Each structure stands twice: as structure tokens, then as C-alpha cells.
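Q: Please take a close look at the cavities enclosed in this structure. What lines them, and which elements supply the lining?

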Amino acid sequence: MEELILNQQAGTQGNKRKSNKLYAMQLATIFLGFIVFGISENIKGPAIPRIQFDFNLDEKQLGTLLSLNALGYLIACSFTAILVRKWGIKAVSIISFASMILSGVFIYMSHNYPLFASSYFFMYIGNGMLEIALAILGARIFVKNTGTMMNLSHFFYGLSSTVAPLLATGVMSLSVFGHVLDWRGMYLVMLSLCLLPIIAALRSKFPGDDLPHEDRTSLKTLTRDPAIWLMVLILSFGVVSELAVGGWLVNFLEKAYTWDTVKASGLLSAFFLTFSLGRLLLGPLTDRIGFVLSLIIFSAFSAVCTFIALAGGEGLAIFFAISGAGIAMIYPTVMAFIARRYPNGSDTAITFTVTLMGVGSVIGNYVIGWVIEGVKNMYGSTTQLGLLRGLQAGYGFIGLCAVICAASGVVLYVYLKRRQELI
């Protein structure tokens, strides 16, 4: 009898060790995945001037090249969920990472512009697949402390995004066997880091792939749920408010307050610092107070900080940076909400939401430009006052996006509370 009890205890401990090892591999896949994802998206900064020089590109051609990011992402959104259902999330994740490595090889071998543009486009398709795959992985694995773990995962993305330009600059200056790597070698080296999460994924397995198709939530069922449409609004306006800061803050500070580039870039770096710290430190709050309430509070906080910075002028510009702590929480908290509300259809829900978000964010950034031009023309397109008012209106629209994000959260909160489905 004692021997039987000892054998059962040994078996239980063995299963626990096996389960812990599996979870460690799952975490390694996601965390390393977000690190290489952040690197792949943000190494282009130091490389762009060299690419432009080598291929003799004008600004229009360069803009077209960079627009491949959005196009590749939207194309990836159209088929990634289908592949996940057919082949499973493990296979699709490995394919996503492998395609990034392969694109690095193609970029390294591209010595004419058509081949380079094709390779760059292929990289962004892999990038789009990777973003969706990582979101689905998180939704399936983080069944406990979902908000905390989603925010922690995205913290690794923010961390790698911060150091990626510095890493890229350093790698481009390295010499291997007497040859400088330059931007082609840099892309090959940096994208080859995707091998690390591939190794972790191969040693792991992920839940959800064995779920029968009849038990999965269909797209038709999803689109009938008002909550998913409100999530699309929250995510779209939240992401516009988040991404627009990177594109417009330095421009605003230089032209509105005549800051030099170093000082303006320093404030942008401070924004990304509060952005990353927000995800690292505030993530546990989303589990405690609820996902929907968190979305309302954090987006409202970001909006208030933005309007304080605008109203207070140059002296309160630091609030532009502080707003990062609030807006950083939107994307991972939405992913946590989807994981909890649609446990049998997270892949479909995530793909649907982020696809419409991608379209919305492209439109949103165009609207910011139109607002700036329209207000500038009202006050005088060639005057300093016109420029100032135009930039203030454009940045005010960024704050308005955060307000709409919070307002959509309030509508969602009321809807779910009435149905006793609040998360």
C-alpha cells in the first residue's frame, strides 16, 4: 500500500514537472516571439537612408516601400486564421518565424530594387502572420491572469522596439571576414533571431488545435455580437492614438515650439519609456478591476494627459510622454478581453478585430493630416499661427481618438453589465 502511494506521488510530481516544462516552452515561444517581432518592425529606421542611397530612391518611392507594411499586414490577416484552423497554431507560428528568416536571406541577396521590394513585401506578410499568431497563442495559453500576461508579453515587444534601432546601427558597422555587414547583412542577422522562438515552439504544444470545428465560434456568430464591434472601435481608435504619437510628436514639438531634434526625440523616447513601463507595471490592475473598466480608465487617462499638454503649452509638454502609460494598455487588454469572451473562437475574433483595426488605423492617420492642413488653411497656410493651430488641431484629434476609445468602453460596459456578462 505504501509502495502504491509512493508511486502515485512520484507520478504526480513527474506530471507536474512535465507540465511546468511545457508551460515554460510556451512562454518562451511567446516572449521570444514578441521580442523578434518588435525587432523586425523597428530596425528599418537606421537602414532606410542607406537603402534610399543604394537604390537611388526618391521620397515617393520610399513612401511606397514603407506602405508595403500596411498592405502586407492586411493580406496576412486575410488568410492566417484559415491556416490556423487547417494546420494548427503551432505549425502557423513556425511558418511565420521561418518566413521572416527566409525574407532576411532574400533581402541579403537583393542587389536590384524589384527583388528588394519583393523581399521587403514578403517580410511584412510574415510580420502580419506573426502578429496574429502571437495574439492567438496568448489567447489560448493565458487562461489565468490573462490581463497581466498579455500586458507582459507586449512589454517585451516595447522593450525590443526601444533597443532595435541601436542594435541595427551596431550590427551594420560590424565586419565579418573582412566585409562590413551593412544594411543587407543587418537584416539577415536580425531576422535570423527568429530561429530562437522556432526552437521553443518545436519543443512545445499548444491548446486549441484539437477543438472540433463544430465547437468553434463562427464568424457569422461573432458579427452578430455588438461587443465585438465595440471592441473594433476601441482598438482602432486606441491604436491610432498610440501609433500617431510616433509619427507626429517630434514634428509637433519642432514646428510648434521650435525644439531641436535631440530635445524632441528625447520626449518621444520618454513616451516609449512610460509606454513600456505601463505594460509592465499596470498589467495586474486589468485583472483586478476588470478588462472593460480598465479600457475606460486608461484611455481616458491618456486623453486627459494629451489635452493637458496641449492646453498647457510648452511648459506642460511632459504630459505628452505621460500619456503613453495609458494608451499602452489598450491593445493587450483588448486581446485579453477577446481571449476571455471567445475561448472557442479567439483566432477568428482576433483576426476579425485586428483586420478592421488595420483599415481604421490607416484611415485615422490620413484624417490627422487632413485636419492639420484644413485648420492651417483656415488661419493662414503660410503663417506661423496657421501652422501652430493646424498642429494643435491634429494632435487634438489624437487626444479625441482616446476620448472615443473611452466612450466606446462606457457603451460596452453598460451593454455587458445589463446582460450580466461583464469581464
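A: The following account goes through the cavities one after the other. In this predicted model, the structure holds two cavities of 30 Å³ or more. The largest cavity has about 40 Å³ of space, and its lining is made up of Ser241, Val245, Phe271, Ser302, Thr306, Ser323, Ile327, Tyr395 and Ile398. Of the elements that contribute to this lining, those that give two or more residues are α10 (226–256), α12 (291–312) and α17 (384–418). Sorted by class, the lining of the largest cavity comprises five nonpolar and four polar residues, with no charged residues.

The second largest cavity contains about 30 Å³ of space, and the residues that line this cavity are Trp248, Phe252, Ile368, Ile372, Leu391, Gly394, Tyr395 and Ile398. At least two residues of its lining come from each of α10, α16 (346–379) and α17, and α17 gives the most, with four residues. By class, the lining of the second largest cavity has seven nonpolar residues and one polar residue, while charged residues are absent from it.

Taken together, the two linings can be related through particular residues and helices. Tyr395 and Ile398 appear in the lining of the largest cavity and also in that of the second largest cavity. Likewise, α10 and α17 are among the elements that give two or more residues to the lining of the largest cavity, and each also supplies at least two residues to the lining of the second largest cavity.

Notes
Residues are numbered from 1 along each chain as its sequence is written. This is a predicted model: local features need pLDDT of at least 70, side-chain atom pairs count only at pLDDT 80 or more; totals for chains, interfaces and linings use all residues. Side-chain values use heavy atoms; hydrogens and water are left out. On a 1 Å grid over the protein atoms alone, a cavity is a set of points where a 1.4 Å probe fits but cannot get out, and a pocket is an open set with protein on both sides within 12 Å along at least five of seven lines; lining residues have an atom within 4 Å of a point. Grid points are joined across faces, edges and corners, and a volume is the space filled by probe spheres set on the points. Ala, Val, Leu, Ile, Met, Phe, Trp, Tyr, Cys and Pro count as nonpolar, Asp, Glu, Lys and Arg as charged, and the others, Gly among them, as polar.
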